[in-house]
Amino acid sequence: MFPVSFYQIAPVIALCASLLAVPLIAVSGRHPNLREFWTFAAAALKFAMVLSLTGWILAGNVITVDLINVLPDISIQLRVDSFGMVFALVSSFLWIAAALYTVGYMRGLAEHAQTRFFVCFALSLCATIGVAFSGNLLTMYLFYEMLSLSTYPLVAHHQDREGRGGARKYLTFLLGGSVGMVLPAMIILFSLSGNLDFADNIYGGIIPQGTGNLLVTILFVAFLFGFAKNGIMPMHAWLPGAMVAPTPVSALLHAVAVVKVGVFCTARVMLYIFGIDVMDELNLGVAAAYIVSFTIVTASIIALTKDNLKARLAYSTISQLSYIILGVALLTPSAVQGGLIHIVNHAFAKITLFFCAGAIYVASRKKNISEMSGLGRVMPFTFGAFALASLSMIGAPPVGGFITKWYLLVGALDAGQTAIILVLLASTMLNVAYFGPVTYKAFFGKPNDSISENPKIKEAPLIMLVPIVAAAIISVLLGIFPHIMMQFVRMVTT
Amino acid sequence: MMDQTPVFIIAIPLFASLLLTLIGPLGPRVAYGLLIGALSLSLGASLATMVRVVQTGQAIHYYMGDWLPPMGIELVIDHLSAAVLVMIGVCALLSGIYSMHTAGQDNHDRLNNYYALFSLLVTGLLGMASAGDVFNLYVLLEISALASYGLLARGGGKAYFATFKYLVMGTIGACFYLLGVGYIYIMTGSLNMADLADILSRESLQESVSIRIGFTLIILGIWTKMALFPLHAWLPNAYSRAGTATACLIAPLMTKVSVYIMLRMMFTVFSADYIFNQIAWSSLVIYMASAAVVLGMITAFAQRDMRKMLTYIIVAEIGYMTGGAWLANTAGYTGAVYHILADGLMTLSLFMAVGAIIYRTGDTSANAMQGIFRRMPITAAVFLIGAASIVGIPPTCGFFSKWYLLQGAVQAGAWIFVAALLIAGLMAAIIFFRLLEAAFFGNLDDEGLSVGHSAPHSGTGAVQMREAPLTMLVPLAVAGAALLGLGIYTNEVVTYLIRWSVPAGF
């Protein structure tokens, strides 16, 4: 335990650690080792700060810090509660893993503009923690936009026609959603309720009594689709396009930070702005559940058709993200817990999968699944990790994903939604269908000539392999000891 | 001494402009020094006056030569004019400092005369923001307009024709205004604003047709001056062909001060009640404003010349402020006033950034933006902040004006204006990201330069960094920082200045 005043400062330090690292990274561009040192130092400091808050939050406290009083009735406010803690812990921890991996990847491929890359990387992590610790909708919106802008150069990293096209699409969807839908919805909400602070619990919400049902529904839809980072169809199209980015970007940002920010914002607004009572009364939860169910199934089917490994992972992400929103939309405590714990489980599993895809590319320059036949024999660790993470996606015990499926199914049963149970089962089958063959062919398939005759292909460098194996092992641990993260999630629903 | 600050605000640049015409033989450095000195002192006086207004919470009435109104000339500085005065002072000083290189280039033979006009224009603008009667306002309007014709015509090429068009339109606008004032004077026998407000509030005059005609003429005159769509045709050519220093001074200020005059006329001389219940043009004006916003942005999108693009964005921004003022609620009014300040700074920083880029590249088309982030990082960063502000991304001030305007539009149920604001924001995003993409990554066609994975270019690559000279760079950086500063201190600006000026009856 620390003195109480510490808990007022720690969230701010956690937020600013990566922001302070930005100028340091920028000026040490000519000394790569020093530059990477700043990244690691900031990542370690950030994680330490977030970690130091866990005890206090678990004891049932909520920290609020007013940063700037920017409008007469609204301030830029940080708030640390168990809901935000889940996300902050995951993203700050995975930054360390991703930083290690990124250094290996960028140096392994001798990528250009590495300084810009690490600067934007640090900025986007600041925005991620900002979203996790936002105390009101305006603060969240601010960091949400900051994340969109700071990840733009990362997506466009290769600067060729494809990279720029993907990045343009990325910004079009994200800014279009946030400026076109979230901003007006937020202002209408402010006009209605007079403040934008998140409610204290997930039931009441802040929408005043007597607001027209139609207006509430319009607001709900605007938030659901406006946070386009959550990848709900049809606002998902930016995600496959953004996969042109270097793999570490795809891994951290498009499996963890960016998409999870989208989902986190959606869940935050659903639970703490609308509240379960309002969503239940107007049947908004059920409607959202069916909308995301469509995304879950359709994205999985599209994933089946993709031969490019990263594209398949991208569609898998779209599908899995909707699990989280599905859980929240079902409105029963177990389903909400299942949805929220999936933020953690999916993060570790998906980052492993993307790391593997990057390692395969660095080691063998192969992008397509059909070319990876027999590759598992020369890269056993990478594909072993891939197999474990796939199991998590499928939801098989004892990997983390099983916990998600369990709670989601229990929650769906509680809610009496038989159709949703069928969706979950169908999705599991589809997951098996598109992840199974990758691992199977890699280990048991006949190596094609380009692999068997090329002795140079071996495991990726250690600096990449360590994060891969670590993330996979944690994924398993999350399945064996679910309590570690579940204790935060349980606090949300009580 | 402190009692006299209101008159110093105007007197200092006025006498400086007189002096400037005389000191030609002393050389350009003295003229530049005198201009900067005068503008700094005037800004100091504005700041001192603003502090007094905020501290006492009351408007300052200054009687010239102690002649009492309604006979004498009165300066009235309330919370609204204090804010606008400081904005004018800051923009004028920054563009004054900025003008050292470009103004010297354009006017190498008669720099002192150029600066005399510069100073006279600032005098007129400051005077309009502090005038307490409608006739002096007209005089100062003409002073600033005449000075601006002179300054704009100093630009190269077709600037003469563009300025002539502006001169015709500007004179028509001023005549309309004067004619309207004539009607009002005949009916009331007064020219002092407070006195007029008192007389006009009488029951008998509320229904008067002559007053209505007077108001109509005045507002049409002001709309011409402020380039509200569809009266905007003079603006783009006049502003985009001007010299860089002139554009940086005039583009942010002239139209914004005209918006201020509109607010003054609507809410100080006439009243909110009269405007929204007797005149009752609100819905029509909001349609006009929405059209200005959307069409301004679309036309801006079609421009290849960067300065012309910015001038069309001004046309759109005028729509923001007009719409906000006519929404008839507190949030809309707050947004309109806040946007006067925000847009002044936004336009200033964008014009200065583009001016610096043109100064270094010699190219006014969008091609000049290519690779600017590597060659002129500070200029590019300010351009980025200005662009983010126009788009409305927090925490730049543009976000907060949009916040209030949207809030006002939602409360008034003016959904057409909500839609126009959102469309404009998205259009602006496309306009600027098209430029910023080129600025960031360079030209797509010479891919050899930009792709090459093995060529590390961490800032010191093949392209040489060459920023604009320091006298351009410093005001540029200050303006960029001010955009963020104003955004972060929105609460203070709204609480201490704008809230006090919200008209009665909202």
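**Chain B, its core and its contact with chain A**

In this predicted model, chain B has 22 helices and two strands.

Student: Why is chain B called as compact as a globular protein of its length?

Tutor: Set the value against the rule. The globule rule gives 23 Å for 506 residues. The radius of gyration of chain B is 22 Å, close to that figure, so chain B is as compact as a globular protein of that length. Its C-alpha atoms fill a box of roughly 80 × 60 × 45 Å along the principal axes.

Student: What makes a residue of chain B count as buried, and what percentage does?

Tutor: The cut-off is 20 or more other C-beta atoms within 10 Å of its own. Of the 506 residues in chain B, 59% count as buried.

Student: What makes A:I351 stand out in the largest nonpolar core?

Tutor: Contacts. The core has 411 residues, and A:I351 is among those with the most contacts inside it, along with A:V86 and B:I88. Helix α9 of chain A, residues 247-281, gives the most to this core: 23 residues. A contact needs C-beta atoms within 7 Å. Leaving out residues up to four places away in sequence, A:I351 touches A:L94, A:A251, A:L252, A:A255, A:V256 and A:A471.

Student: How many residues does each chain bring to the contact between chains A and B?

Tutor: Chain B brings 36 residues and chain A brings 33. On the side of chain B, α19(B) gives the largest share, nine residues.

Student: What kinds of residue make up that side of chain B?

Tutor: The split is 20 nonpolar, 14 polar and two charged.

Technical notes: Residues are numbered from 1 along each chain as its sequence is written. Chains are lettered from A and ligands numbered from 1 in the order in which they are written. This is a predicted model: local features need pLDDT of at least 70, side-chain atom pairs count only at pLDDT 80 or more; totals for chains, interfaces and linings use all residues. Helices (H or I, at least four residues) and strands (E, at least two) are DSSP runs, numbered from the N terminus. The radius of gyration is taken over C-alpha atoms; the globule rule is 2.2 Å times the number of residues to the power 0.38. A residue is buried if 20 or more other C-beta atoms lie within 10 Å of its own, exposed if 12 or fewer, and partly exposed in between; C-beta atoms are placed from the backbone. A nonpolar core is a set of buried Ala, Val, Leu, Ile, Met, Phe, Trp, Tyr and Cys residues joined through C-beta atoms within 7 Å. Two residues are in contact if their C-beta atoms, placed from the backbone, lie within 7 Å. Ala, Val, Leu, Ile, Met, Phe, Trp, Tyr, Cys and Pro count as nonpolar, Asp, Glu, Lys and Arg as charged, and the others, Gly among them, as polar.
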